[in-house]
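Hi,

Here is the structure I promised to pass on. Have a look at it first, and my notes on what turned up are underneath.

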Amino acid sequence: MSGNGIIRAEALVVRLIGILLGLGLIAMVIVNVINATGRYSGWFSLVGADELLVYSMIWIVMLGAILAARDRDHLSVNLLPSAISGRSAAAVQVLIDLATVAVSVFIAWHSFSFIERIAALNQTSMGLGIPMVIPHTAILVGFVGIAAVTAFLTLVDIARFSTSEGAER
């Protein structure tokens, strides 16, 4: 597959994930409306609906964070990078990326350690009996994804930085 084909395939995967996340949010709204209608009318209550909504939201946020990191749309303090330009801005971006990777790996590692502990306890949720490993794995997946995407972007930035350095000499 050529470079162009890889880029198109990656864009398609990102688009599909975005659509699935959007459909997940719509499904959550529907479940919430049905549960609220049943509860306030006195007809029924969906056991575990609130739990399901919270765990779904955690997964949607963490998967969305990976997409935001890919587009560099995540929350960041960009006062310094916006005040400088050229090679200095590129160098600062690389430093920010490296810090992001380091923090993401740190959080992912601790998340993995926590998941190991709750897996050993076979802890389940109160309403639906969902193994608590499932919602907690969202944090691990999210930060591993953020670290991987940011590491890739860092390599791209370093390659651009190196190429522009060679062109200036």
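On confidence: helix α2 (residues 49-71) has the highest mean pLDDT among the elements of the protein chain, at 94, and helix α3 (residues 79-83) has the lowest, at 74. This is a predicted model, and the chain averages a pLDDT of 89, with 92% of the residues scoring at least 70. As a rule, where pLDDT is low, the predicted coordinates should not be read in detail.

Now the inside. Nine residues make up the largest nonpolar core: M62, I66, A69, A108, I115, A138, L140, F143 and I146. Helices α2, α4 (86-121) and α5 (133-168) each put in at least two residues of this core, and α5 gives the most, with four. Apart from it there is another core, of six residues, including V14, L21, M28 and I60. Back in the nine-residue core, A69 touches H74, I146, V149, T150 and L153, leaving aside residues up to four places away in sequence.

You'll probably like the salt bridges; the count comes to five. Here are some of them:

- E10 and R70 meet through their side chains at 2.5 Å, N to O. This pair joins helix α1 to helix α2 across 60 residues of sequence. Both partners count as partly exposed, E10 at 33% relative accessibility and R70 at 26%.
- D97 and R72 form a salt bridge at 2.6 Å, N to O. D97 is in helix α4 and R72 in the loop between α2 and α3, 25 residues apart. D97 is buried, with a relative accessible area of 3%, while R72 is partly exposed at 31%.
- R72 also pairs with D157, at 2.5 Å, N to O. D157 belongs to helix α5, so this salt bridge ties the loop between α2 and α3 to a part of the chain 85 residues away in sequence. D157 counts as buried, at 11% relative accessibility.

Salt bridges with shared partners also join E10, R70 and D71 into one network.

On the outside, there's a nonpolar surface patch of about 1,100 Å². Among the residues that make it are L12, L16, I30, W43 and F44. I30 is found in helix α1 (residues 3-41) and is partly exposed, with a relative accessible area of 47%.

One last oddity: which residue other than glycine has a positive phi, near 55 degrees? That would be N122, in the loop between α4 and α5. N122 is exposed, with a relative accessible area of 64%.

Cheers

Note on methods. Residues are numbered from 1 along each chain as its sequence is written. This is a predicted model: local features need pLDDT of at least 70, side-chain atom pairs count only at pLDDT 80 or more; totals for chains, interfaces and linings use all residues. Side-chain values use heavy atoms; hydrogens and water are left out. Patches are made of residues with over 30% relative accessible area and no salt bridge: like charges are joined within 9 Å, nonpolar side chains (Val, Leu, Ile, Met, Phe, Trp, Tyr) within 5 Å. Accessible areas come from the Shrake-Rupley method with a 1.4 Å probe; for residues, only the protein chains shown count as cover. A salt bridge is a side-chain nitrogen of Lys or Arg within 4 Å of a carboxyl oxygen of Asp or Glu. Buried means under 20% relative accessible area, exposed over 50%, partly exposed in between (1.4 Å probe, protein chains only). pLDDT is the predictor's confidence in each residue, from 0 to 100. A nonpolar core is a set of buried Ala, Val, Leu, Ile, Met, Phe, Trp, Tyr and Cys residues joined through side-chain atoms within 4.5 Å. Contact means heavy atoms within 4.5 Å.
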